[in-house]
Amino acid sequence: MNPTPATSTSAAFLATLRRDFLIAYKRKHDVVNPFMFFVIVVSLFPVGISPDPVKLAEIAAGVIWIAVLLASMLSMDSLYRADFEDGSLEQLLLSPHPLYFMVLAKNISHWLVSGLPVVLISPILAYMLNLPAAAYFTLLLSLLIGTPILSLLGSIAVALTVGLGSRGLILAVITLPMSVPVLIFGTLAVQASVNTMSPAGYLALMLAMLAAAISLGPLASAAALRISVD
Amino acid sequence: MSAAAIESAHNVPNADSSDGEVLLDIRDLFCERDDRILFQHLNFKLRAGEVLQVHGSNGSGKTTLLRIICGLNDSYQGAIYWQGTEVVEHLEDFYSALLYIGHRVGVSKVLTPVENLRWSCSLQRQRDDAAIYSALATVDLRGFEESQCFTLSAGQQQRVSLARLLLSDARLWILDEPFATLDASGVEQLEGLLSKHANSGGAVLVTTHHQLRVPKLQRLSLG
């Protein structure tokens, strides 16, 4: 029993973050699929509805936000499943560190590889949908605040259902009611900018949601994971 | 299987070999699954230096017992003490001293053995890469350090998890069927590891159908 120093929670947090980045790098399709889904869905709207720039400008904010929401749900599925199947999740639960931080690390890395690319590509798609120039910054900002909330909420639903064999629509049924407020305030913020009003109020509310999601989401996910491995 | 088929503490002959410190103390454990009692009035103590083999037929609750002790399953009644304090009250201390390898060995298939071990070490005790490479060499995985684990056989993946035994300094090892996919040399090596761990003051709780050849072996039968 040669005593080597016990790891600090921050070291375990960083190691989990690094591990999930590595896994995302090696399983690229998990990352690329939701991103491509987002691009395809948004680019179908001009084809399906109308190429008329005025009409497109009206629906641009809603289309992008809905596509972001769906892409986020699509990407969530991979969050805990592989870890559950190979037993790494049990190791995570049996670590002496607070599960909150371990789950937070997984959520952060998941958002960075699946949420952030969607946010970054959105101005190009907004340009395609003829979103008024005044609203670009608000769109980017609202997505930057909103997508982490979607990830943190989705994580709870995935943690609850990870033990089920086939979950199909259950994930959407659990996630959507919680995600709808984000969708509402996200589109409202962008619409406010389009109508040359200040989006600050909506964005502030979204920031409040983000604060709540960061502080409570991983706790709920952690509790759900404990139930799921039972 | 009926409830009457349950034996309990009487078949654990550790009452007289009471030289080691009591590490794990299970008191009056009861577990029921699907209206079927898996075990009741289960009492046993695991002392430093002991290897306790849990055996019983398929479905007799061996895995459930191990998962209950680890805290992965909470559908039980009774109390579990680690070094004199109840586990649920000092979970962090218990988890610092625990190394669990289950049916699913906790080896990510897309990562390499080295990457897997770096992560699992970082959860408990930080070890440098040199230690990780030498542990992998000890379990005969030299040359596979940088191959993704899905290219390895089931037995080799089991060996990756055995390398965790070498790298950890946890006092309590809880191993669920660790011999299942190992070849003859792997079995011998793991038996050596168990004996060495017990000799240096650790304790092992293991389920297997294999005839263990280790000194100070205790047996507990379920079902």
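This passage describes strand β7 of chain B and the two domains of that chain in a predicted model.

Strand β7 of chain B, which spans residues 172-176, is mostly covered, with five of its five residues buried. The burial extends to both faces of β7(B), since Leu172(B), Ile174(B) and Asp176(B) are buried on one side, while Trp173(B) and Leu175(B) are buried on the other. Two pairings involve this strand: β7(B) pairs in the parallel sense with strand β6 (residues 98-101) of chain B over four bridges, and it also pairs in the parallel sense with strand β8 (residues 203-207) of chain B over five bridges. In the pairing with β6(B), Tyr100(B) has Ile174(B) as its bridge partner, whereas Leu172(B) stands opposite Ala203(B) in β8(B). Together with helix α6 (residues 184-199) of chain B, strands β7(B) and β8(B) make a right-handed β-α-β unit.

At the level of the whole chain, chain B is divided into domain 1, comprising 1-97 + 171-223, and domain 2, comprising 106-169. The centres of the two domains, taken over C-alpha atoms, are separated by 25 Å, and 15 residues of domain 1 are in contact with 13 residues of domain 2. Between them the domains of chain B bury about 1100 Å², of which 52% lies on carbon and sulfur atoms. Of the area that domain 1 buries against domain 2, Trp173(B), Thr181(B) and Gln189(B) supply 38%, more than any other three residues. One salt bridge is found across this interface; Asp183(B) forms a salt bridge with Arg159(B), in which the closest N and O atoms are 2.8 Å apart.

Notes: Residues numbered from 1 in each chain as written. Chains lettered and ligands numbered in written order. Predicted model: local features only at pLDDT ≥ 70, side-chain atom pairs only at ≥ 80, totals over all residues. Heavy atoms only, no water. Buried < 20%, exposed > 50% of the residue type's maximum accessible area, 1.4 Å probe, protein only. Pairing = 2+ DSSP bridges. Right-handed = clockwise from strand over helix to strand, strands pointing away. Domains from an automatic or database assignment. Contact = heavy atoms within 4.5 Å. Buried area = accessible area lost by both parts, 1.4 Å probe. Salt bridge = Lys/Arg side-chain N within 4 Å of Asp/Glu carboxyl O.
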